[in-house]
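Got the viewer open? Let's take a walk through this model, one selection at a time.

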Amino acid sequence: MVSPAHRSYSGLLCFAIEQALADARRSKRSFPEQCLQHAAGAKGAERLALLSPAKPGSTAQQLSYATMEKSVRALATSLASQLVHQGETVVLAMPNSIELCVSLLAVPLLGACAFPMSVSLKDDETSLLLSLSAATLILVKDGPSAPRCP
């Protein structure tokens with residue numbers, strides 16, 4: 001059973017997405033572009049957009065909407081230079097992180113399909129998903145949690 005609070009939040013979220021899609025159609029901008037411009041608008045540019053809690057031996061990371069927009073656009077430009085085109089698939093093999101969030105916004109900005117893949121998969125599962133994805137590019141985050149691509 002869905003709680004009334006959850007139902008109303010879900011309804012508001014659907015309404016917000018419908019409004020953003022309608023705005024995108026009217027303005028001839030893509031949905032990801034419309035969302036980025038709305039989020040980084042003058043009223044909210046310095047608000048906190050993403051927060052990654054501190055892990056042992058590191059500090060917390062955070063991005064404002066303005067910084068997130070710059071990061072997303074920089075990654076999208078870099079992906080375009082790696083010859084990622086509209087309709088292609090980009091595998092995102094990284095743990096939950098700010099980098100994953102930025103990647104999830106940058107890939108669709110190019111019209112490509114983001115394919116998030118868990119970093120805790122076994123080698124045979126990773127191989128299967130990579131072959132099924134027909135990915136043009138695989139993005140990974142360096143570090144001990146980076147997946148090993150068999």
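Start with strand E3, residues 89–93, and click on Val 90: its bridge partner in E4 is Ala 114. Keep in mind as you look around that this is a predicted model.

**The sheet**

Now widen the selection to E3 and E4 together. Five bridges join the two strands, and they run parallel. Add E5 and you have an open sheet of three strands, in the order E4-E3-E5, with parallel pairing. Which strands sit at the edges? Those are E4 (113–117) and E5 (137–140), each of which pairs on one side only. Turn the view a little: on average, neighbouring strands here are turned by 25° against each other, direction ignored.

Next, select residues 123–133. This is helix H5, which packs on the sheet and touches E3, E4 and E5. Compare its direction with that of E4, and you get an angle of about 175°.

**Two helices that pack**

Move on to helix H3 (residues 65–81) and helix H4 (residues 98–109). Their axes are 8 Å apart, and the helices pack at an angle of about 55°. That angle is why H3 counts as oblique to H4. As for handedness, H3 passes H4 in a right-handed crossing.

Show the side chains where they meet. On the H3 side, look for Met 68, Ser 71, Val 72, Arg 73, Leu 75, Ala 76 and Leu 79. On the H4 side, pick Val 102, Ser 103, Leu 105, Ala 106, Val 107 and Leu 109. Colour this contact by residue type and you'll find 10 nonpolar residues, two polar and one charged.

Zoom in on Leu 75, which lies in helix H3. What does Leu 75 touch, leaving aside residues up to four places away in sequence? The answer is Val 102, Ser 103 and Ala 106. You can also draw a line from the C-alpha atom of Leu 75 to that of Leu 105: the two are separated by 9.4 Å, though the residues are 30 apart along the chain.

**How far to trust it**

Finally, colour the protein chain by pLDDT. The mean is 77, and 67% of the residues reach 70 or more. Confidence is highest in E3, at 93, and lowest in helix H1 (residues 4–27), at a mean of 54. Select residues 1–10 to finish: pLDDT stays under 50 there, and the model has two contacts beyond four places in sequence for this stretch. Where pLDDT is low, don't read the predicted coordinates in detail.

Key: Residues numbered from 1 in each chain as written. Predicted model: local features only at pLDDT ≥ 70, side-chain atom pairs only at ≥ 80, totals over all residues. Heavy atoms only, no water. Pairing = 2+ DSSP bridges. Helix = DSSP H or I, 4+ residues; strand = E, 2+ residues; numbered from the N terminus. Axes fitted to C-alpha atoms, helices over the stretch in contact; angles between N-to-C directions. Contact = heavy atoms within 4.5 Å. Parallel < 35°, antiparallel > 145°, perpendicular 65-115°, else oblique. Left-handed = near helix turned anticlockwise from the far one by under 90°. Nonpolar A, V, L, I, M, F, W, Y, C, P; charged D, E, K, R; others polar. pLDDT = per-residue confidence, 0-100.
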